[in-house]
Every structure is written in C-alpha cells, then in structure tokens.
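Me: I would like to go through this structure with you and ask, for each description, what it rests on.

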Amino acid sequence: MDHVSFRVARGRFFGFLGPNGAGKSTTIKMLTGLLRPTEGEAVIEGHPLEKELLAVKRVIGMLPEDLPLYERLTGEEYLHFAGRMYGLSREETRKRTDELLAFLSLEEERGKLIVDYSQGMRKKTALAAALIHSPRVLFLDEPLNGIDPISGRVVTDLLRRLAQKGVTMFFTSHVLDVAERLCDEVAIIDRGRLVAQGTLEQIRAQREVGQDATLEDVFLKLVAADVRREDLSWIG
Amino acid sequence: MARARERAVGLALLLPGLFFSSVFGSFMAYAGVRGAEAHDPELVLPLLSLIATGVGISWMLSPLVAGVSLSESHDVSRLLHFPLPLLTLVAASLVGNLLQPVVLAALPVLASLSLALSRSPSALPFALAGSLLSLLFLLAAAQVSGLVLHGLSRRRRFQDLAVFLVIGLGFLMSMAPIVLFSGGARFLGRAVRVLVAGDLVALSPFAWGLRAAVHAGRGEALAFVGWAAAQAAAIVAAAAISAVLIERIYRGELDLGGRGQEEGARAVMVLPGRIGALLEKDLRVAWRDPATKATLFLSCATPLFWLFVFTRTSGGLSPVGLLMLSMLVGASAFGNAFGLEGRGIALLFGFPVERWRVLVAKNLSGFALRLPGLATLLVMGSLLAPPALLPAAATGALCTFLVAAGSDNYASILFPMVAARPGHNPYGGSAAGSRGLGAAALGALFFMATLIVAAPFVFLAWVPMWLERPLLWILSLPLALAGAGAVYAMLVAGAARVLERREPDLLQRVLGEA
C-alpha cells in the first residue's frame, strides 16, 4: 500500500473497490491487526490499532475472503466457540447461535463438520461468527462470493439494516453493481494507491463522467482498464 | 515440469535397485522352482500360488501400507468428458501400467520362472503366457483397488478412517520384526504350512495364471487351458469393475454425502471461560483429526511396546531409570502450537483474548493430549519399578512438563514449523532442508535447557527417596510442583509479551506458508 488515507463515518456503508491485486484484502488485514504496516496508523471506533489491538478486536467483526475456519468443528460448535471468545455468556451464545443459524438457513447443517460444508455455507458460517458479538464495525471481504441468490438477498438486507442501526460497513467486492446498490460511499484503489473516494455522484463530478455513468464505467475509467473487444479467430 | 523432474530423479535413484532386484529375483525364482521340483514337485503349485497371492495383496495395498503405489492408479475420471468408451480408458490405464519400471523389472523374473517351470522347450511360450496373465491380473486388480481408494477418499469420513488405520498399520508393521523375533515367527510358519498343505490359495485369482504356467510346463494342456481361461475371465471382470467404478466416481455416486454421525448433536462448549473454550476447541479438533487421533493412540501403544521389550530383556526398571524416563516424558511437551494451527491462526488472533490465555490454553491442550501416554507410562512404571516411587516419578514428569511447556511457547512464537496442508508436500517449507535442520537443532537446545531448568525441582521430588525418608514427600512434592509452577508462570508472562510484539510477524509467517 502506498500512502493510502481515508476516513469512514460511523454507520456508513463503505465500498473499497479495486482490480485483482490492488491491495483490498491487504488493507483489510492491516485494519484488523493481521498485518503490520511499515508506517502509518489506523484508528477504529476511537481506538488506535497499534496500541489497543484487543480493544479494536472487541468492536470489529471480520469476514475474510479466504475463510480460514476450524474445519473439524461443526458449524454450531464454531459459533459457540466464537461467542465464548468474544466473552458472551453460555446462554447468550446459545441464543444468538440459534438465531443466526435460522436466519442464514444453516439450521439443517448445524451438526455437520465444516470440512463438509460448501463454499456458500462456509461463507455464511463465517458471517455468523463475525456478527455474533454485535460488532460496531464490520469488515467484509467479498461477502457475497459463492452465496446463492436467496441467501445473498437475505445477507444484503441484513447488512443494510445493520448500517441503518449505526454499524459501519467496510466492504470489498468485485461485483460492482452490488457495490453500487449497497454503498453510501466508495474508495477505489489501484496498485496500492487510492485513486478516488466519495459518493458516486462526487466521483462522477470529480472525474467528469456523465451523470448516467454506472459505477462500473467510473471504475474502468479510473483504473485505465483495457477491455478487449475482438473475438477469438475461430469462433464466428 | 516439476513432476517430470521428480519422476526423472526418482527413476535415476530407482534404476540400479530395480536392476539388481530383477537379477536377484530371476535367480531366486529359477533356483527356488528347480529346488522345489527336485524336493517335492507337489509343493510347487500351492507354494507359487501362495507367493502370487502375497505379492498381489501387497501390491494392491501398497498405497495404504507403504504410502507408495507400485503401479499407477490413473485418474481416468478426468478424461471422461472426452468422447471415449469407458473400457478404452481402462485398457489405456492398464497398458500405461505395463510400461512402469517396476512392472518391466518383473518381466525377467517371470521369464526365469517360466523357464524353470518348463520341462520341454515347447512348453516355455505357454508357461510364459500363464505367468504374464497373472501379472496382467495383478495390474487390473491394483487398478480396481486404486479406484476404490480414489472413490473412498472423496468421502471425507472414509478418508479420515483410512488415514487413522494406515498410521496404526504402519506402526504395527514397524513393530513386526521385533514381534517375529520374540516368538511370532513360529506362528507364522505354522499358518503357511496349513495353507500350503491344503492348497487353500487355489481360490485366489492372483494365482490362476501361475497355476496355468505350472501345468503348461508339465505338458498338461487341459489344465493349462482351464486355469488360463479363468485368469483371463478374472482380468475381464476386473476391467469391467474398473469401468463401473470410473463411471460411478464420475457421476458422483461414490462422492461424499450422507449424514455424519455428528449431525443432530447439539454441541455446546462445556468448559468454563475463554481458556476452557480454547482448550475444548483444540481437543475436539484433535479428536476428529485422524492423524492426531492416531498419534494419541500410539502414545499409549509405545510405552506398552517398551513394557513388552523390558519384560523380555530385563527384570525391571531401576529408580534412576524411572527418574530419567519421567523427565524425558515430561520434556516431550514440545508442541509447535502455532505452526500446527495453520491458517486457523488468523481466526485465533482475530479474537479479543489476552495472549497469555491463548498460551495457557495451548499448553493445557498439549498436556491433555499427552495424558493417555503419561497414564500408560505410569501403569508401566508401576509394573516395572517399586510402586512407592510412582508419586515422585509423576511429580518429576509434571515439573518437567511445566518447564517444557513454558519454554515451548517461545519456540512456537519465534520459530513456528508450519504444517503442510492436506494434499501438499509435507517435506517442503519450514520442515525442509536447512530450515528443518535448524528447527531440529533449536528443539534439541530447548530440550536440554528444559532438562537443566527442571532438574532442581525433580531433584527435590526425589530427595526423600535418596534419604530413605518417604514421609518427606508430603513436603517435597508440593514444593517441587509450586517451584515449577512459578517458573511456568514467569515463562508464560514473558512469552505473552513476546507474542503481543511479534503477532503480525508470526501471522505473516504462518499464513504465508500454510
């Protein structure tokens, strides 16, 4: 990352967008204390990350893209474990686990080992674990990848409601129309550098693109993507 | 490219061995058959059948027992989307196997065997044909077993069971020579005599081609035709089974699915507090991991094995021997906790839990996993040494364990040995080359340091025995434990500070390699 600096207001749905390898996941790892930046600082919910790492971890929830889960636990056990790690009582953990499993349509799979879960089920389990302690900030790295359309709608509706209740969303996605639908504000990075930040209207105005330009149009213009249009020679 | 290079290196290493084993096997086959013919011609048929069956079963089970498949089980299911008949794929795999170096090395042995069996030159081609039919069936049967294993491996629970059983089987086989030398050979000899005398292995399809070869050598045309036809039918049947298996694997009918035994269980973390939840997580994960579970059982089997050896070689265990043994067992606390977490380390450090709790939980789970081995050792000690020494031995082991666990935390944080993911090269990364050797040297250093630091506490536990005042144990044992406990607490506090400072580096290192 190269001198990336931004501020996200509480309760905003913030989209962090960029092409593959731009540094989206790296940024999330740095903001959640999984990677140490060579320089610079981050403050989350008033806690400086470097000095109050545990305090930061108490208020954030994270859905990583590569989903490292304990594969030899069942989905239910994993949620119980996560609840206990966040300091919830046994009863509270059980109550929230039941609600989350029902909400994310995982009830039938609650007793199956995670190693036997599909990608979508893993994603939902990781999301449930990120929500179990009622975080103030949610870091979501490609949250809708691999989730079926019905669950996708349930998840996006939930995330919207959480944002309305003051939970800050830090969201990365390759699916730009989803980002356009969900995000109040976006930042676009390319090769580790921030190239634009603001609401879609602000970015359109800054970059002098038409008012009817979609987020995808703006994104392609900003990252100077070369979209090939010619056909393969033998297909005709 | 890397695979081709590995194959070339493997072949270069293998060729001299194959050449000599082929020459030696050919000589032994010829001399053995001629010797048996001269001694008792009736013995040749059952003896060869028994050997063929033994070789066939070993060949089929070689991926399970030795971890190396003698012929290739080609994953032909990957070719199924091409417009080719299934039997063509099966035949292609069989022909591919005929060109394997190990198979080619068997050809001179079969030729020599056929030569020894042939009583006239005109019988030789028929004897050779019978022998080759046996070889072809062996390859076809190995293909079936390879496909069955392939199908089962796609079902996670079966694969877990196979890993567990294979580790146990490997352990038992490594113990086999000792068991044979201590009386087991007599039993084996008796079993072979019964099988040969009754010619019970005539039912084994591995032997039918060789039986045809024996009859061909003797000029018994009808018997040759009968056994050769049976062997050919068995080959066709094996190929047909392979084709069915390939089709079923491709359709996913042998794939995972079905409900597991855990399903429906309402699992709650029972142990109290965050340390309890961490400990319970580790224990549940370890119990469901076949390799860890097998290691757990082996930690019980190893002391029992030594008990067996001790009872056959010496009268018992001296007090000093028991003291050393208890320290060595206690010092085996090195667990490489963070390296073994693999990618799960990102989850572990994502939770807002004080790092000293994480370290204590890791040490506790290491202790719990070694508890069965420790208990077995105590039982073994009570059989070999005076029972009065056992409290001191247990205290000594516990004191050493506390110091070892405390120092192991530093090794886990500073030099994690990252476990390879399933399906990846286990001899690569941090376990390989100079890094692996460096880690081993460091482990030895920590081991020695542990023994030195724990020595005063173990000495305290044993003083009453040397003074011949057992009552002093009431005082010395708790004191020794308290001292070791204090050292452990200091070590954990220091390690927690190191972990807080180095956490992102540790994460980068483990996640970069896991």
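Me: How many residues does the contact take from chain B and how many from chain A?

Reply: The contact takes 29 residues from chain B and 28 residues from chain A, where two residues are in contact if their C-beta atoms, placed from the backbone, lie within 7 Å. This is a predicted model, in which local features need pLDDT of at least 70 and side-chain atom pairs count only at pLDDT 80 or more, while totals for chains, interfaces and linings use all residues. Residues are numbered from 1 along each chain as its sequence is written, and chains are lettered from A and ligands numbered from 1 in the order in which they are written.

Me: Which helices of chain B each supply at least two residues of the side that touches chain A?

Reply: They are H9, helix H13 (344-348) and helix H17 (473-513), and the largest share, six residues, comes from H9(B). Helices here are DSSP runs of H or I with at least four residues, strands are runs of E with at least two, and both are numbered from the N terminus. By class, this side of chain B has 14 nonpolar, five polar and 10 charged residues; Ala, Val, Leu, Ile, Met, Phe, Trp, Tyr, Cys and Pro count as nonpolar, Asp, Glu, Lys and Arg as charged, and the others, Gly among them, as polar.

Me: Why does the span of helix H9 of chain B agree with what is expected?

Reply: The expected span is 1.5 Å times one less than the number of residues. For the 16 residues of H9 (residues 273-288) this should come to 22 Å, and because the end C-alpha atoms are 23 Å apart, the two agree.

Me: What covers the buried residues of H9(B)?

Reply: The cover includes helix H3 (75-85) of chain A together with helix H14 (355-384) of chain B. Among the buried residues of H9(B) are B:Arg274, B:Ile275 and B:Leu278.

Me: Why is H7(B) called largely enclosed by the rest of the structure?

Reply: A residue is buried if 20 or more other C-beta atoms, placed from the backbone, lie within 10 Å of its own, exposed if 12 or fewer do, and partly exposed in between. By that criterion 13 of the 13 residues of H7(B) are buried, so the helix is largely enclosed. In chain B, buried residues make up 35% of the 514 residues.

Me: What follows H7(B)?

Reply: H7(B) is followed by B:Gly219, whose phi is positive, near 80°.
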